[in-house]
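Let us read this structure slowly, asking of each label how it was earned. Each answer sets a value beside the rule that it has to meet.

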Amino acid sequence: EWIVPACNITQDVLSEGKWLQQRIAVYNPFYYEQVVTVASGSFHSLAITESLDLYSWGWNNDGQLGMGPLELRPNIPYPTKVVYFDSKVKVKIVKISAGFAHTAAVTADGELYTWGNNRYGQLGLGDYVARRFPSLVTGFIDSRGAEFKVADVKCGLYHCLVQTTAGSIWSFGSNSRGQLGTCKFAPFATDNLDLDCIPEPAQDKEVVYKRNYPKKIDFMKITDYAGSL
């Protein structure tokens, strides 16, 4: 129970190869400033404060809290600041989202960072390696070479959708049920000038199709789009 502005809790601590329970007092980060945005994954939680700092807590088995090596930061039962962004000259976080065990955050400068589980490429980093720290996602470049800033992000269980400031939508991660919404090949014009596409494969028996980099959902023509995902 919070004893403002601190709380006494019991936490598991690794000591000489053994897990021990230790009683500690932790600071309540939300006592002096308000929370403006929250998000939750399956077993972890996120919050942005009015100063645009990011806090995370909960299960950290895949590094989804963004706190670094797991042996240093096991599961954390109280809100803890993601200090990685302080090391980036006080990067401000404006949007957050969480999947089953991964996290995504958009900065005030329109950059996207992801971390946590990456089994299905849901971090959009071009590989399938989990990340313990926030990692910058790049590749929001269209066929003409135009590079886009990120406006918003929303994550499902094992995939993410990204909205750019230009209104285009990009996706990456698992496509087990066609949730990426992208075409296998470039969209083509039909006889009545509508755009058509052959969807990327979803799942064939035990094989789950996935993509580990951002790809534009280019048969969705969004013009003058305003709002959030």
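Q: Why is Cys155 called buried?
A: In this model, which is predicted, Cys155 has a relative accessible area of 14%, and the word buried is used for residues under 20%. Since 14% falls under that limit, Cys155 is counted as buried.

Q: Where does Cys155 sit, and which residues does Cys155 touch?
A: Cys155 belongs to strand β12, which covers residues 150-155. Leaving out residues up to four places away in sequence, Cys155 touches Ser97, Ala98, Gly99, His102, Ala104 and Cys160. As for Ala98, it stands 57 residues from Cys155 in sequence, while the two C-alpha atoms are 5.6 Å apart in space.

Q: What makes the link of Cys155 and Cys160 a disulfide?
A: The distance from sulfur to sulfur is given as 2.5 Å, and a pair of cysteine sulfur atoms counts as a disulfide when the two are within 2.5 Å. The pair therefore meets the rule and is called a disulfide. By this rule the count comes to one disulfide. The link is right-handed, with 85° about the S-S bond, and both Cys155 and Cys160 are buried.

Q: How do you know that Trp115 is buried?
A: The relative accessible area of Trp115 is 0%, and buried means under 20%, so Trp115 is placed in the buried class. Trp115 lies in strand β10, residues 112-116, and its C-alpha is 6.2 Å from that of Ser135, although the two are 20 residues apart in sequence.

Q: Why is Gly66 called buried?
A: Gly66 has a relative accessible area of 3%, and because the class of buried residues takes in values under 20%, Gly66 qualifies as buried. Its place is in the loop between β6 and β7 (76-81). Neighbours within four places in sequence aside, the contacts of Gly66 are Asn60, Val82, Trp115, Arg132, Phe133 and Pro134. From Gly66 to Ser135 there are 69 residues in sequence and 9.4 Å in space, C-alpha to C-alpha.

Q: What makes Leu46 count as buried?
A: Leu46 has 1% relative accessibility, and the limit for buried is under 20%, so the label buried follows. Leu46 lies in strand β5, and among the residues that Leu46 touches, not counting those up to four places away in sequence, are Val38, Leu54, Trp57, Ile96 and Ala98. Ala98 is 52 residues from Leu46 in sequence and 8.0 Å away in space, C-alpha to C-alpha.

Q: Why is Leu52 called partly exposed?
A: The relative accessible area of Leu52 is 26%. Buried would need a value under 20% and exposed a value over 50%, so Leu52, at 26%, falls in between and is called partly exposed. Leu52 is in the loop between β5 (44-49) and β6 (54-58).

Q: What is the phi of Leu52?
A: Leu52 has a positive phi of about 65°, although it is not a glycine. Most residues other than glycine have a negative phi.

Q: Which residues line the largest cavity, and what makes it a cavity?
A: Leu52 is one of the residues lining the largest cavity, and the others are Asp53, Leu54, Lys81, Val82, Phe85, Asp86, Lys90, Val91 and Ile93. A cavity is a set of points where a 1.4 Å probe fits but cannot get out. About 50 Å³ of space lies in this one, and the count of cavities of 30 Å³ or more comes to one. By class, the lining has six nonpolar, no polar and four charged residues.

Q: What is the volume of the second largest pocket, and which residues line it?
A: The second largest pocket has a volume of about 160 Å³. Its lining includes Gly110, Leu112, Phe140, Glu147 and Val150, and by class the lining has six nonpolar, three polar and three charged residues.

Q: How many helices and strands are there in the protein, and what part of the protein is buried?
A: The protein has one helix and 19 strands, and buried residues make up 41% of its 229 residues. About 12,400 Å² is exposed, with carbon and sulfur atoms supplying 53% of it.

Note on methods:
Residues numbered from 1 in each chain as written. Predicted model: local features only at pLDDT ≥ 70, side-chain atom pairs only at ≥ 80, totals over all residues. Heavy atoms only, no water. 1 Å grid on protein atoms, 1.4 Å probe; cavity = no way out; pocket = protein on both sides within 12 Å on 5 of 7 lines; lining within 4 Å. Points joined across faces, edges and corners; volume = space filled by probe spheres on them. Nonpolar A, V, L, I, M, F, W, Y, C, P; charged D, E, K, R; others polar. Buried < 20%, exposed > 50% of the residue type's maximum accessible area, 1.4 Å probe, protein only. Helix = DSSP H or I, 4+ residues; strand = E, 2+ residues; numbered from the N terminus. Areas by Shrake-Rupley, 256 points an atom, 1.4 Å probe, with all protein chains shown as cover. Contact = heavy atoms within 4.5 Å.
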